[in-house]
Amino acid sequence: MFAELVAIISRFHGKSISSTMSVLIILILSFLASLGITWAYFGEPAYILSGNIAMCAMLQFTALGHFKFPEGMSKMVPPFVPFKKAMVLITGLIEIAAGIALLFPSTRYAAGIFLILFFIALLPANIYAANRHLDYQKGTYDGKGPAYLWFRIPMQVFLITWVWYFAVQPAV
């Protein structure tokens, strides 16, 4: 399903795109769709709710990768971390739970703080994988390499900012 969704988005876009770009497309399209639905339902767009629905949708999508590509994703984990495959599966479950927690005002703030820390904690694994040229979907070492970080690091900052704006800042 993960690969199929990336393929559908790629066909719509007109050329092959990475799963990283698909994540941003899902985030933005989910946000716009949620805005439209909340506008139709409430008579005005619900920006905060829509931002959290979009992040939840994105996290559900990224969690799929943890279950579809556990072998390749376990190669992203630095050598000193034990139980790599279990860690990949657990972080997939964490993404699912944290995304769902964003949907409820009573858990949104805590989920937002957690996700910001989670996104920061995952960045070293992305750097480690990029330096090793890992293609986690194939589980091979012929990926894009460190050049990938020119996109990944700003994207990580964007995701952190998104969560801060839609989940944490409204409660402060």
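Is Lys85 buried, partly exposed or exposed? With a relative accessibility of 39%, Lys85 counts as partly exposed, because the buried class ends at 20% and the exposed class begins over 50%. The model discussed here is a predicted one.

## Salt bridges

Searching the whole structure yields three salt bridges. In one of them, Lys85 pairs with Glu71, and the closest N and O atoms are 3.0 Å apart. This pair joins distant parts of the chain: Lys85 belongs to helix α5, Glu71 belongs to helix α4 (residues 70-74), and 14 residues separate them. Glu71, like its partner, is partly exposed; its relative accessible area is 47%, against 39% for Lys85.

Lys138 takes part in a salt bridge with Asp135, with 3.6 Å between the closest N and O atoms. The side chain of Lys138 also meets that of Asp142 in a salt bridge, at 3.8 Å from N to O. Asp135, Lys138 and Asp142 are thus linked in a network of salt bridges. Within this network, Lys138 is exposed, with a relative accessible area of 55%, whereas Asp142 is partly exposed at 49%. As a general principle, side chains of opposite charge can pair when their charged atoms come close.

## Nonpolar cores

The largest nonpolar core contains 26 residues, and Met55, Leu115 and Phe119 have the most contacts inside it. At least two residues of this core are supplied by each of α2 (19-42), α3 (47-68), α5 (84-101), α6 (105-131) and α7 (149-168). Helix α7 provides the largest share, with seven residues. A second, separate core has nine residues, including Phe69, Met73, Val88 and Tyr136. In soluble globular proteins, nonpolar side chains tend to be buried together.

Leu115 illustrates the packing of the largest core. When neighbours within four places in sequence are set aside, Leu115 is in contact with Leu59, Ala98, Leu102 and Val163.

## Helix α6

Helix α6 comprises 27 residues and reaches 39 Å from its first C-alpha to its last, close to the 39 Å expected at 1.5 Å a residue. There is a bend of about 25 degrees in α6 at Ala111. Just after this helix, His133 adopts a positive phi of about 60 degrees.

The buried residues of α6 pack against α3, α5 and α7. Among them are the nonpolar residues Ala111, Leu115, Ile116, Phe118, Phe119 and Leu123. Arg108 and Asn126 of α6 are buried as well.

What does Gln156 touch, not counting residues up to four places away in sequence? Its contacts are Phe119, Leu122, Leu123 and Asn126. Gln156 lies in helix α7, and at 2% relative accessibility Gln156 counts as buried because this value falls under the 20% limit.

## Aromatic pairs

Nine aromatic pairs are found in a search of the whole structure. Phe31 and Trp162 form one that is edge-to-face, with 5.3 Å from centre to centre and 80 degrees between the planes. Because Phe31 lies in helix α2 and Trp162 in helix α7, this pair ties together parts that are 131 residues apart in sequence. Both Phe31 and Trp162 are buried. These two residues also belong to one aromatic cluster, formed by Phe31, Phe158, Trp162, Tyr165 and Phe166.

Phe69 and Tyr136 form another edge-to-face pair: the ring centres are 5.8 Å apart and the planes stand at 80 degrees, so the angle lies over the 60 degrees needed for this class. Here too the pair links distant parts of the chain, with Phe69 in the loop between α3 and α4, Tyr136 in the loop between α6 and α7, and the two positions 67 residues apart. Phe69 and Tyr136 are both buried, and both are included in the second core.

Technical notes:
Residues are numbered from 1 along each chain as its sequence is written. This is a predicted model: local features need pLDDT of at least 70, side-chain atom pairs count only at pLDDT 80 or more; totals for chains, interfaces and linings use all residues. Side-chain values use heavy atoms; hydrogens and water are left out. A nonpolar core is a set of buried Ala, Val, Leu, Ile, Met, Phe, Trp, Tyr and Cys residues joined through side-chain atoms within 4.5 Å. Buried means under 20% relative accessible area, exposed over 50%, partly exposed in between (1.4 Å probe, protein chains only). Helices (H or I, at least four residues) and strands (E, at least two) are DSSP runs, numbered from the N terminus. Contact means heavy atoms within 4.5 Å. A salt bridge is a side-chain nitrogen of Lys or Arg within 4 Å of a carboxyl oxygen of Asp or Glu. The expected span of a helix is 1.5 Å times one less than its number of residues. The bend at a residue is the angle between axes fitted to the seven residues ending there and the seven starting there. Rings of Phe, Tyr and Trp (its six-membered ring) pair if their centres lie within 6.5 Å; planes under 30 degrees apart count as stacked, over 60 as edge-to-face and the rest as tilted.
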